[in-house]
Amino acid sequence: MLYPDVHSQILPWILIIFGICGLCFSDILLLRFGDAKLHLSGQASRLVDIGFYARNRHPSFWFYSFYQLGALLIFSKSWTFSLITWCVLTIIGIAYLFFIQEPRLERVEVLDYKTYKRNTPFWTWRWKIPDSQSVRLLPQMIWILGMLILRNWYRIKVSGLENIPHKRP
C-alpha cells in the first residue's frame, strides 16, 4: 500500500476517473463536430464551439491535468513531489497552449477563432451557455456506435471533404 490512509487513496482515483471521462467526451466532440486534425497535424478546418468547448477553449488540457495529478498521486510516494511535478507540467502545458497553439489557430482563416476566443475563456470555465451550444452524452454515444460498428458492419465508405458538412444547420 502506498498510503496508509483510505481517504488518500480515493482522491487520486476520483481524479483519474474524472479526467478519463472528460477526455473521452472531449474527444468525442472533436470527432463528431470537428475534423480532429488539430491533435495530429496542427491544421484544423472546423471549429468545435459546443459542449465543453463552449465553456472553455481547452477542456482536454483540463481533463488531462486531472488525470495526470491522480496518476502522480498514486504512483509517487510523496504528495509534495507529485504536486510540484504536476504544477511544473501544467505550467509547461499552459505555455504551449498560450504561445504555440493559440497563435496557430488564429492564423487559420477557415475558423472564426478570434470571435470564439473573445467569447470563450482560456483558463476558467463558463457555466452558463446557450442551449444551442449544449450537447448531451447519449446522442454522441449513439453516433460513436454507428461510426465504429454499423459503418463497418454494412461496409459504408464515405470519403472526401464534400461529404462533411462545415456549417451546422
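Of the 17 residues of helix H3, 12 are buried, so the helix is largely enclosed by the rest of the structure. The buried set comprises Pro 59, Ser 60, Phe 61, Phe 63, Ser 65, Gln 68, Leu 69, Gly 70, Ala 71, Leu 72, Leu 73 and Ile 74. Helix H3 covers residues 59–75, and at 1.5 Å a residue it should span 24 Å, which agrees with the 24 Å that separates its end C-alpha atoms. The structure is a predicted model, and within the chain confidence is highest in H3, at a mean of 93, whereas it is lowest in helix H6 (residues 137–153), at 75. Over the chain the pLDDT averages 80, and 79% of the residues score at least 70.

The secondary structure consists of 6 helices and 0 strands, the elements following one another from the N terminus as α-α-α-α-α-α. Of the 169 residues in the chain, 35% are buried, and the area that the chain exposes is about 11,600 Å², of which carbon and sulfur atoms supply 68%. Among contacts with a separation of 6 or more, 73% are between residues 24 or more positions apart.

The largest nonpolar core contains 10 residues, namely Phe 25, Leu 29, Leu 30, Val 48, Ile 50, Tyr 53, Leu 105, Tyr 113, Tyr 116 and Val 135. Two elements, helix H1 (6–33) and helix H5 (113–119), each give two or more residues to this core, and H1 gives the most, with 3 residues. Tyr 116, a member of the core, is in contact with Leu 47, Val 48, Asp 49, Tyr 53, Asn 56 and Arg 57 when its neighbours within four places in sequence are left aside.

Aromatic side chains were examined next. A pair of aromatic rings is described by the distance of the centres and the angle of the planes. The count comes to 13 aromatic pairs. One of these, formed by Phe 25 and Phe 52, is edge-to-face, with 5.3 Å centre to centre and 80° between the planes. This pair links distant parts of the chain, since Phe 25 lies in helix H1 and Phe 52 in helix H2 (residues 52–55), 27 residues apart. Phe 25 has a relative accessible area of 10% and is therefore buried, falling under the 20% limit, whereas Phe 52, at 21%, is partly exposed. A further pair, Trp 62 with Phe 66, is tilted, the centres being 6.1 Å apart and the planes at 45°. Both of these residues belong to helix H3, where Trp 62 and Phe 66 are 4 residues apart, or about one turn of the helix. Phe 66 is partly exposed, with a relative accessible area of 24%. The residues of both pairs belong to one aromatic cluster, which is formed by Phe 18, Phe 25, Phe 52, Trp 62, Phe 63, Phe 66, Trp 123 and Trp 125.

Ser 26 is placed in helix H1 and is buried, with a relative accessible area of 0%. Apart from its neighbours within four places in sequence, Ser 26 is in contact with Phe 52, Tyr 53, Pro 59, Ser 60 and Phe 63. Among these partners, Pro 59, Ser 60 and Phe 63 are buried residues of H3, while Phe 52 lies in helix H2 and Tyr 53 is part of the largest nonpolar core.

How values were computed
Residues are numbered from 1 along each chain as its sequence is written. Side-chain values use heavy atoms; hydrogens and water are left out. The expected span of a helix is 1.5 Å times one less than its number of residues. Buried means under 20% relative accessible area, exposed over 50%, partly exposed in between (1.4 Å probe, protein chains only). A nonpolar core is a set of buried Ala, Val, Leu, Ile, Met, Phe, Trp, Tyr and Cys residues joined through side-chain atoms within 4.5 Å. Contact means heavy atoms within 4.5 Å. Accessible areas come from the Shrake-Rupley method with a 1.4 Å probe; for residues, only the protein chains shown count as cover. Rings of Phe, Tyr and Trp (its six-membered ring) pair if their centres lie within 6.5 Å; planes under 30 degrees apart count as stacked, over 60 as edge-to-face and the rest as tilted. pLDDT is the predictor's confidence in each residue, from 0 to 100.
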